[in-house]
Amino acid sequence: MNPTEKTMDKITALCKNRGFIFAGSDIYGGLANTWDYGPLGARMKNNVKDTWRKRFIQERKNSYEVDADILMHPRVWEASGHIASFSDPLLDCKECKTRHRADNLIEAFDPDAHPDRMTKEEMFQFIKDHHIPCPNCGKHNFTDIREFNLMFQTYRGVTNDSKSVIYLRPENAQGEYVNFLNVQRTMRAKLPFSIGQIGKAFRNEITPGNFTFRTIEFEQMEFQTFCKEGTDGELYEYFKAYGRQYFQDLGIAPEHLRFHDHEKLAHYAKAACDIEFLFPFGWGEINGTHNRTDYDLSRHQEYSGQNLTYLDPETGERYIPYIIESTYGLDRTVLALLCEAYDEENLGTEEKPDVRTVLHLAPAIAPYKVAVLPLSKKLAGKAMEVYEGLARRFMTDYDETGSIGKRYRREDEIGTPLCVTVDFETVGNEETPGDNCVTVRDRDTMEQVRLPIEALESYIAEKIVF
Ligand code: GAP
């Protein structure tokens, strides 16, 4: 293996050691498929949310954000079809009692087989015919395939009976759909218009998943565009391209992104396409664009008894709008951005390597925008003054320990785009007055420029524009 190769192990270790992402419930030995964002990870995640809000809400006319409850009326999930069809095909190994997803077993055995086109019975037959072994114990002795619903179920109130069953939402989308009328009326919105939302979703995933790629609790940034039937095809293509551009604007190289059209469609969709990112473990979905037709609003009209039609002011027609959904997994986006940004550069020679680990994060999503580093502790007073000035506007780090070279490397490793060094020339001495300038070092090029302190704020602001 190339020693500077990008691997999930290295990225996971950096996340853990530098305060991005920790194992969930760490002191209890962790809880499978749960992760906690540390100070830098939480900051980065919020920065990604800000970029999404800017692109999807602020810069788009007729786009509105809501913040709906995670707990919704149980009838919502009957109407949406999740109670009937939101399930995974699972089977158990009778030998070692581990549980597996049938489609995953098939895909791991033969990447060209298409379990997404198979029925439950066909998947079982394929596993049997090819004598696919259990990934845990290597034996081939499975139960039949059963469908397991992925929704988390709990009870409201004090009695655990079927009347008090309530679900944690498995997708944000329904929070937007049940508010279609409220938003349309209060915003006096005309089609096409969009409702977006950032928030948690929960799925009882049984398959372990590549760090934060597949978890049981995760955040989605979802965007639903309500439109007239007939305009749906064009909007669907438009949002596929818009999503791809958004990821490129966040700093992902075009060759690390690809579209993947779905053959087997979810119960609500007429067309579906994922954007996949090339993770160190292979291609993985980070976004989905779905043409959900008038399925969702028709079902909610039927189950709620409310009239969810739209009165077209131009034609006087009443109809149920179509929905084009553009959904982003926030945790997967953060993971993709960390994987894309991770780099090890040998600044030395082959014989005498000097490896710099650096996160080339787009400045808009970097946890810290700038770090203030006094060349000597004697300069701490002036450096703190600079720090306090910048911290009013930007997330700013301050570090006065260790050699300046080591401090640069520490900031490179967490993706800080700019380092500002306060030196003796900044403050001057009894004979020579200070120049009130600082040295600004760029993370990616490592080039340095000298700037007056008062010019710093606009210099940094320009660099971090998204
Ligand atoms: N409202 C449509 C919907 O939920 P989805 O493809 O099931 O569609 C949307 O999920 C996005 O949510 C995915 O593209 C992925 O980024 C993210 N996602 C889904 N399941 C996830 C999980 N178990 N862990 C982390 N992210 C997940």
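T143 sits in the loop that runs between α6 (120-129) and β6 (146-149). In this predicted model, T143 has a relative accessibility of 18% and so counts as buried, the cut-off being under 20%. The side chain of T143 also has a polar partner: one of its polar atoms lies 2.9 Å from the backbone nitrogen of D92.

Another loop, the one between β1 (21-23) and β2 (35-37), holds N33. With a relative accessible area of 14%, N33 is buried too. Its backbone is a bit out of the ordinary: most residues other than glycine have a negative phi. N33 is not a glycine, yet its phi is positive, at about 65 degrees. M446 is a second case, with a positive phi near 65 degrees in a residue other than glycine. M446 belongs to the loop between β22 (437-442) and β23 (448-452). Unlike the buried N33, M446 counts as partly exposed, because its relative accessibility is 30% and the partly exposed class starts where buried, under 20%, leaves off. A positive phi also turns up at G251, just after α9, where the angle is about 110 degrees.

The peptide bonds have something to show as well. Most peptide bonds are trans. The bond joining L191 and P192, however, is cis, with omega at about -10 degrees. P192 is part of the loop between α8 (180-186) and β9 (193-202).

Now to the helices, starting with α9. Helix α9 takes in residues 232-249, and at 1.5 Å a residue its 18 residues should span 26 Å; the C-alpha atoms at its ends are 25 Å apart, so the expected and modelled lengths agree. Which residues of α9 are buried? They are D232, L235, Y236, F239, K240, Y242, G243, Y246 and F247. These buried residues cover an arc of only 170 degrees around the axis, and therefore lie on the same side of α9.

Helix α12 (residues 380-391) can be put through the same check. Its 12 residues should span 16 Å at 1.5 Å a residue, and the end C-alpha atoms are indeed 16 Å apart, so expectation and model agree. The buried set in α12 is made up of A380, K382, A383, V386 and L390. Because these residues cover an arc of only 160 degrees around the axis, they fall on the same side of α12. On the face turned away from that buried side, the exposed residues G381 and E385 are found.

Past α12, the loop leading to β20 (396-398) contains M395. M395 has a relative accessible area of 36%, and so is classed as partly exposed, a class that lies between the 20% and 50% limits. In sequence, M395 and Y368 are 27 residues apart, but their C-alpha atoms are 5.0 Å apart in space. L418 and R393 tell another story: 25 residues separate them in sequence, and 15 Å separates them in space, C-alpha to C-alpha. L418 lies in strand β21 (residues 418-422), and it is buried because its relative accessible area is 2%, under the 20% limit.

That leaves the ligand. How many residues surround it? The shell has 20 residues, and the closest are E171, T215, E222, E285 and E325. By class, nine residues of the shell are charged, six are polar and five are nonpolar. Strands β10 (217-227), β13 (282-291) and β16 (322-329) each provide at least two residues of that shell. The largest share comes from β13, which supplies four residues.

Some polar contacts of the ligand can be listed by atom. A ligand nitrogen lies 2.5 Å from an N or O atom in the side chain of E171, and E171 is also among the closest residues of the shell. In the case of R332, an N or O atom of the side chain is 3.4 Å from a nitrogen atom of the ligand. I286 takes part through its backbone instead, with one of its polar backbone atoms 3.2 Å from an oxygen atom of the ligand. As for cover, the ligand has 550 Å² of accessible area on its own, and the protein covers 93% of it.

Conventions
Residues numbered from 1 in each chain as written. Predicted model: local features only at pLDDT ≥ 70, side-chain atom pairs only at ≥ 80, totals over all residues. Heavy atoms only, no water. Near = heavy atom within 4 Å. Polar contact = N/O pair within 3.5 Å; in protein donor to acceptor, adjacent residues only side chain to side chain. Areas by Shrake-Rupley, 256 points an atom, 1.4 Å probe, with all protein chains shown as cover. Nonpolar A, V, L, I, M, F, W, Y, C, P; charged D, E, K, R; others polar. Expected span 1.5 Å × (residues − 1). Buried < 20%, exposed > 50% of the residue type's maximum accessible area, 1.4 Å probe, protein only. Arc of directions from axis to C-beta.
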